[in-house]
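Please read the sequence and the model side by side, and follow the paragraphs below from the sheet to the helices, and then on to the charged pairs, the cysteines and the core.

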Amino acid sequence: MKHFITIAEKWRIKGRGRCAAEGVNCTLTGTPEDIRGFCNALREWRPALFSQTDFKITDGLAHEHGVKALTIQK
């Protein structure tokens, strides 16, 4: 969980999520470049876990509608 948060902070990702042994479920916001960089960083960090993950990405969210902080809970 700590490394996941470190990667998210590096890519300036904000949002809310839950992290469990079964996986991660999050709604995250950031620039299109940062979101994709974050997804690629997860794949590089844990290929067996994230290489087949279907990240659902929506571009075009207005900045004022983005989440203001990052909160990941167990």
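In this predicted model, three strands form an open sheet in the order E2-E1-E3, and their pairing is mixed. The edges of the sheet are strand E2, residues 23-29, and strand E3, residues 70-73, each of which pairs on one side only. From one strand to the next, the twist averages 5 degrees. Strands of a sheet pair through backbone hydrogen bonds, either parallel or antiparallel. Strand E1, which covers residues 14-20, pairs with E2 in the antiparallel sense, and seven bridges join the two. One position where this pairing can be followed is Ala20, whose bridge partner in E2 is Gly23.

Helix H1, made up of residues 2-10, lies across E2 and E3, and its direction makes an angle of about 165 degrees with that of E3. After the helix comes a residue worth a pause, namely Arg12, which is found in the loop between H1 and E1. The phi angle of Arg12 is near 55 degrees, a positive value in a residue that is not glycine. Arg12 is also exposed, with a relative accessible area of 54%, and the same residue returns in the account of the charged pairs.

Side chains of opposite charge can pair when their charged atoms come close. How many salt bridges does a search of the whole structure find? The search finds three. One of them joins Asp34 to Arg12, with 2.8 Å between the closest N and O atoms. Asp34 belongs to helix H2, residues 32-45, while Arg12 sits in the loop between H1 and E1, so this pair ties together parts that are 22 residues apart in sequence. Is each partner buried or exposed? Asp34 is buried, because its relative accessible area of 7% falls under 20%, whereas Arg12 counts as exposed, because its value of 54% is over 50%. Leaving aside residues up to four places away in sequence, Asp34 touches Trp11, Arg12 and Ile13.

Another salt bridge brings together the side chains of Asp59 and Arg36, at 2.9 Å from N to O. This pair, too, links distant parts of the chain, since Asp59 lies in the loop between helix H3 (47-50) and E3, Arg36 lies in helix H2, and the two are 23 residues apart. Asp59 counts as partly exposed at 45% relative accessibility, and Arg36 is likewise partly exposed, with a relative accessible area of 35%. There is also a salt bridge between Asp54 and Lys56, where the closest N and O atoms are 3.4 Å apart, and here both Asp54 and Lys56 are exposed.

The cysteines give another way through the model. How many disulfides does a search of the whole structure find? The search finds zero. Why does Cys26 take part in none? The closest cysteine sulfur to that of Cys26 belongs to Cys19 and is 7.7 Å away, which is too far for a bond, because a disulfide needs the two sulfur atoms within 2.5 Å. Cys39 is in no disulfide either, and the nearest cysteine sulfur, that of Cys26, is 10 Å away. As for their surroundings, Cys26 counts as partly exposed at 25% relative accessibility, whereas Cys39 counts as buried at 6%.

Cys39 leads on to the largest nonpolar core, of which it is a member. This core has twelve residues, namely Phe4, Ile7, Ala8, Ile13, Cys19, Ile35, Phe38, Cys39, Ala41, Leu42, Phe50 and Ile72. Which elements give two or more residues to this core? They are H1 and H2, and the largest share, five residues, comes from H2. One core residue to select in the model is Ile7, which touches Phe38, Ala41, Leu42 and Trp45 when residues up to four places away in sequence are not counted. Helix H2 thus appears in two parts of this account, as the element that gives the core its largest share and as the helix in which Asp34 is found.

How values were computed: Residues are numbered from 1 along each chain as its sequence is written. This is a predicted model: local features need pLDDT of at least 70, side-chain atom pairs count only at pLDDT 80 or more; totals for chains, interfaces and linings use all residues. Side-chain values use heavy atoms; hydrogens and water are left out. Two strands pair if DSSP finds at least two bridges between them. Helices (H or I, at least four residues) and strands (E, at least two) are DSSP runs, numbered from the N terminus. Axes are lines fitted to C-alpha atoms, for helices over the stretch in contact, and angles run from 0 to 180 degrees between N-to-C directions. Contact means heavy atoms within 4.5 Å. A salt bridge is a side-chain nitrogen of Lys or Arg within 4 Å of a carboxyl oxygen of Asp or Glu. Buried means under 20% relative accessible area, exposed over 50%, partly exposed in between (1.4 Å probe, protein chains only). A nonpolar core is a set of buried Ala, Val, Leu, Ile, Met, Phe, Trp, Tyr and Cys residues joined through side-chain atoms within 4.5 Å.
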